[in-house]
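Subject: The structure I promised you

Hi,

Here is the structure we talked about, for you to open and turn around. My notes follow below it, so have a look first and then read on.

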Amino acid sequence: MSNHKIELTINGRQYSGDVEARTSLADFLRDDAGFTGVHLGCEHGVCGACTITVDGRAVRSCLMLAVQANGATVVTAEGLAAEDGTLHPVQQVMMEEHALQCGFCTPGVVMTLASLTGEGKQCSQAQIEGAMSGHICRCTGYQGIRRSAARLAYDAMGDSAQQGGDA
Amino acid sequence: MKPAPFDYYAPATISEACQLLSEASGGATVIAGGQTLMPLLNLRMSQPFILVDINNTAEMKGISAVDGGIRIGPATRQYEVLESELLVERLPLLVEAVRHVGHHQTRNRGTVGGSIALGEPAAELPACAVALGATIDIASVRGTRQVPASEFYLGPFMTVLEPDELVTGITFPAWPAGHLPLFSELAQRPGDFALVGVVGALALEAGKISRAGIAWMAMGPTPLKATAAEQLLLGKSLAEIDPQAVAEAAVAETAPFDDKRTSAEYRRTVGARLLARALRELTAQGEAA
Amino acid sequence: MTNMNAPEEKSAGILTGKYIGQRVHRKEDPRLLTGHGQFVDDVSVPGQLHVAFTRSPVARASIVSISSDYAREVPGVHAIYTQQDLADFNVDMISFFLASPDVKTTPLADGRVAYVGEPVVMVIADSRAIAEDAASLVEVEYAEETPLITIDDARHGAPVHPGREDNIAAQMGEEEIDEDLEALLQAAPHLVTHKVVHQRISQSPMETRGVLADPEGPKELTLYITCQSPHMVERWTSLALGKPDMAIRVIAKDVGGGFGLKNHPWKEEVAVILAALKFRRPLKWIEDRYENLIGANQAREQEMTLQVALDNDGKLLASHGDYSCNNGAFPQLSECNIAVHMFVWGAYKMPAYGFLTRGWYTNTVGYAAYRGPWAMESLVRETALDVAARRLGIDPIEIRRKNLVTLSEQPTESCMQIPLEDVTPAECLEKLLGYFDVDAFRREQAEAREQGRYLGLGIAAYIEPTGSAGAIATMTGELAQVRIEPTGKVTATMSTHSQGHGTQTTMAQIFADRLGVSYEDVSVFEGDSSRGGFSPGAAGSRQGVIAGGAAILAADKLAEKVRTLAAHLLQVEAAAIAIDAGQISVAGNPDKSISLGELANIAYGEPDRLPPGMESGLEAQHRYQPPPMTFASAANACVVEVDRDTGFVKIQRWISSEDCGTPLNPAVVEGQVSGGLAQAIGMVLLEEVGFDERGNPTAATYKDYMMPAISDIPTFEFVHANTPSQSVGGMRGVGEGGAIIGAPTLVNAIADALAPFGEVEVNLPLTPAKLLSVMEGRDLTPPKVVAPVAVEPVAPAPVAEPVPAADATPAGPVVIDGDWKMILSTPMGPQEMQGHFETSGDNLSGYLSSPEGQMEFTGSVVNGNNLVFDLKVTKPMKITLKYNLLIDGDKISGKCKMGIFGSAKLTGERL
């Protein structure tokens, strides 16, 4: 089994590691880098709990090898709030809308929402809700997640126009 | 649920990749986006000795206009299809189809070539490749070859690819500007494999259908081209299409299967309705025009 | 989403305050949203090793041999254990009710395997990946036998467990319908026979099971485990291990959902705990999703046939229910679900009801609870009522209006003698109908049908027993401990446990209001068995009701102390003291005031200034014992469209009208209801654990086990129809209701939509293929797997040679007098007791004693070797137990008739 040296940026800081080829990015982030907010709900890419952003795009960290993240910029749910503890707008809206209960799927949901609604992004409510179909939540019945998506959309009226961009 | 051990290589060139596959004598697996392979590795349903990662292989990426069509590198990510102005304009079917491939988060990592090479009979992109008449470029240390998509698939998850071969490109022929895409898929939830689906494109010349490509998802062991239905469409104006007859002809050419998701008879029954519905919508467009 | 058109009315007695009743932000959220929750896999301790299991690939076999030679050679492997290595612990795999199992249950397979996925061998290694490498190299040879997979297989096949007579895991009620009841059913103008088949469900909490067992020397054991109550796990583990001389501490700060699966440890967790004690290293096992879908206990898989007799007006006359559920091989509780029958007509005026209820052993993974374990009662009843309404040509709303018990008719008693004092399903229904315009919908439906579109309206009503305490050993009151710190901040420790329930929030709302402090100044701690006191945690929709009451009473005690102390210090009457926002003031005397922090400093640090006899500090606690049961009620409506071409169901609207008493936090209440409804939608349309004919699971990943996604769930509209309960604070439980009421509501809507085509068989899930089959009038479903289960003769396996009694025991007088050890198979599991009999001629006297106490019996007769006697009990309710026993040498056996609960078997032997 081959081992590999990797260097990557996680939540704004540089990390390096020596990983076995088979180590998933999720396991590296949890076990080596200490970002246990990356949750493993299925390890086969369906539940979405392990969603992070890699170079700005939301991906499943269980479906990527750590070695493949060499040189990448990774953000996890731990990396969103401001240094003074002020919640990221996505986190604030989700708290206000009671969009979580047990909180296990939550970091993944946060990351998809943050990747779609950050500065300069213009996602419609329908696009965001479409992307939310990539997350399984067993607790909430998605009610607060849907309300959050509506509030975070650039067009809270629910523009369903699908123009090019993916969501 | 952790993968069995393997060695990992990320070749910079196609020839390096081919060399690795050749030396592995069948013990290597290519990883592109990994959105299907990683679950199989994690579940230990796939246990290669060597993983050949083509994500660092620059010549495997990109969407470009080529002589006679559009070429897509296999390591091109699915989201890039959605953001490609070239494809939105020239092959709108691909753009629509990719919206239904997996989820937003897997499209950010998953690749066009991965989906094409996997050969899932219920998948969108293989059906598009067959419907649009794409050619699959294949390389190995033994040389290169080109296989029409309609001949590429042998059965569920089985293709003509030999263990030492690699898909290096998918070339879609040019379709006339303004051709009409046709896409209809029924899946239990967004991102699930299709229970049944149909994709296609119709080109019109002087108001008559001059070119038709239609293919089924989940209606047989491979994506299936609906040749008889295509023949029924050729030469007709949109208003002249008999959606029901075309749909019935298209279903007659299929060999759907029973599985735990649904029955062959459900697929036939609903498949015909999906195609007829899609054609009626096109006909309505024709009447409106 | 709360509907703005449906204002939250406050009935008299509904508690409200600055925080109580408000949509306060949750205390839990900042840590969970920023990835700082502490779930079991987020905890690591120095020196921990990892566990993986080798699991059985066959459903039924004896184990011929196990070889770990290759596995042991894998670098990084520390130990490999089989059941033999753990046998010395002699662990007792007790149920949630603390009863020993009916069938021998071991952490790892003991010579035989009885389901695919059963753990056979465990590997301890440096990492999970290495442990999995080695586990895959363990070689186990099996002598395979034909497995029994379905309930029907169990009825006819050879016993799953060698030595047992049959596959009946539990049984109550009468095998033959009572003659009088049968006469009522047959004489009725209408008799509807309605069958419901419920598929098997995986509870599927997003966090799978997992444990980190950390033995800290021989006398201390710390368990980090994902569970529904650390206290329950501590109690269970101590009892299962025979109350070892060891301090057991259980910690579970955040838990990613439980839903009944995590009530107490089971095979794998127990194996890890024992292995950690044996290997003397911290061991971690985190279940992966594949293991969770094949190896974690599952729920539902039940079928029920309900006969309902009605008169021509739709008035209920009589009913009989025949229920079966698949217990799997090693259920967490041998279950025949008596609660289904207790509550099936709970809120309806039903003159007569009888039942037969059975649980069956099969070669599948065992049974465990799932949110609303008795939910079948509402599903079968509410769907049967709609079938009846269609057959009689009555509106489904009218049939309910005719038969539901209204508030004005209470107090009364149900046909199963459940006292009803304040249930409101009829009132919830009327409130629902005030909000949803049924006539407008019927017009829309008729127009749509003309266009070939099929809309349907489903309505269902129910009551839910919540906040149960006092009748069952583990269903206790709740403890609140609260203190005002010298800083003036409030700290509380609770016996509650949240797996998303938000108890840190709701309890803080109560403390803030009752103590007159700001919500921000209250911290609530739970999730550690070393804090607070025993409670089963989240089980049976109970925490809001009981812990809420405890928090109110503890806070009030503490507030009283604050007032007494403040009055003393400020030299005013206690009645004049007011506390608000952490400030103590005196009515009519603005000059006199003191902050809570200053007061606390005095209370802790200046004992000389306290009134004589007052205990220093500002602390109080209360364990609240609520009424034995508190009912919640609801009525729901949903509107669907079923696609005529595809059979797909689109839910257009869903309205919940629920009486949850005082809503401590309406957002939390709606969250509980919504989550339950989503699970119900999954049950009706998507989810299914299936097996092939060899017992192989057919849904081993989330690609195949289809969990509802956001696209499957509509926006729920809420009509709050709250009336206060009789418990302190007026709360009613709300945890399970959505999961119970959702299924019949949706099934009824689908059946209404498809009524023009005929009845829809209620065989869940209602897949597009099944629904399209109804509309097409032909079968479009995939062919059923024909299970080639050879029907083997039912014969006890040749385990021990029966003692040839006739030869061994010389004929002689029957000896009755003396002490007997007896086991009664009850719905709560086997109850062990000791019988003392004394005869005098034909008269019999004596007593039965159990851990609950000793009871003398009356009305006793002896007839040869036949003993007949009665025993009156009051728990769980007032009934007379009628024993009829036979003595054969040193063995005793027979039946106990338990009133409405039917009969239970008794076996035993002379002491």
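To start you off: which residues does Val123(C) touch, not counting residues up to four places away in sequence? The answer is Val51(C), Ala52(C), Ala71(C), Val77(C), Ile80(C), Ala131(C), Ala134(C) and Ala135(C). Before I go further, please keep in mind that this is a predicted model.

**The core and the sheet in chain C**

Val123(C) is a good place to begin, since it is among the residues with the most contacts inside the largest nonpolar core. The others named there are Ala275(C), Phe511(C) and Ile750(C), and the core has 434 residues. Helix α16 of chain C, residues 543-570, provides the largest share of this core, with 14 residues. As general background, nonpolar side chains in soluble globular proteins tend to be buried together.

Next, find the open sheet of seven strands in chain C. Going across, the order is β3-β5-β1-β12-β9-β10-β11, and the pairing is mixed. β3 (77-81) and β11 (247-251) of chain C are the edge strands; each has a single partner strand, so one side of each is left without a neighbour in the sheet. On average, neighbouring strands here are turned by 20° against each other, direction ignored.

If you want one pair to look at, try β9 (residues 210-215) and β10 (residues 220-225) of chain C, which run antiparallel and are joined by five bridges. Within that pair, Asp214(C) stands opposite Thr222(C) in β10(C).

Two helices that lie across strands of chain C are worth tracing:

- Helix α4 of chain C (residues 128-135) lies across β1 (49-55), β3 and β5 (119-125) of chain C, at about 30° to β1(C).
- Helix α8 of chain C (residues 267-279) lies across β1, β3, β5, β9, β10 and β12 (283-286) of chain C, and runs at about 20° to β9(C).

**Chain A**

Chain A is divided into domain 1 (3-79) and domain 2 (89-152). The C-alpha centres of these two domains of chain A lie 21 Å apart. Where they meet, 17 residues of domain 1 of chain A are in contact with eleven residues of domain 2 of chain A. On the domain 1 side, the elements giving two or more residues are β3 (51-54) and β4 (57-60) of chain A, and β3(A) gives the most, with three residues. By class, that side has eight nonpolar, eight polar and one charged residues.

Also have a look at helix α1 of chain A (residues 25-32), which is mostly covered, with six of its eight residues buried. The buried ones are Leu25(A), Ala26(A), Asp27(A), Phe28(A), Leu29(A) and Arg30(A). What do the buried residues of α1(A) pack against? They pack against β1 (3-10) and β2 (13-20) of chain A. Just after α1(A), Gly34(A) takes a positive phi of about 85°.

**Chain B**

For chain B, the domain assignment gives domain 1 (7-53), domain 2 (59-173) and domain 3 (180-288). The C-alpha centres of domain 1 and domain 3 of chain B lie 36 Å apart.

Strand β10 of chain B (residues 166-173) is mostly covered, as six of its eight residues are buried. β10(B) runs antiparallel to strand β5 of chain B (residues 69-72), with four bridges joining them. β10(B) also pairs in the antiparallel sense with strand β6 of chain B (residues 135-140), over five bridges. A detail I liked is Ile170(B) in β10(B): it is the bridge partner of Ile72(B) and also of Ile136(B).

**Where the chains meet**

The contact between chains A and C takes 43 residues from chain A and 44 residues from chain C. On chain A's side, the elements giving two or more residues are α2 (89-96), α3 (106-117), α4 (125-132) and α5 (143-152) of chain A. That side has 21 nonpolar, 14 polar and eight charged residues.

Chains B and C also touch, with 19 residues from chain B and 22 residues from chain C. The largest share of chain B's side is five residues, from helix α12 of chain B (residues 264-288). By class, chain B's side divides into seven nonpolar, four polar and eight charged.

Happy looking!

Key:
Residues numbered from 1 in each chain as written. Chains lettered and ligands numbered in written order. Predicted model: local features only at pLDDT ≥ 70, side-chain atom pairs only at ≥ 80, totals over all residues. Domains from an automatic or database assignment. Contact = placed C-beta atoms within 7 Å. Nonpolar A, V, L, I, M, F, W, Y, C, P; charged D, E, K, R; others polar. Core = buried A, V, L, I, M, F, W, Y, C linked by C-beta atoms within 7 Å. Buried ≥ 20, exposed ≤ 12 C-beta atoms within 10 Å, placed from the backbone. Pairing = 2+ DSSP bridges. Axes fitted to C-alpha atoms, helices over the stretch in contact; angles between N-to-C directions.
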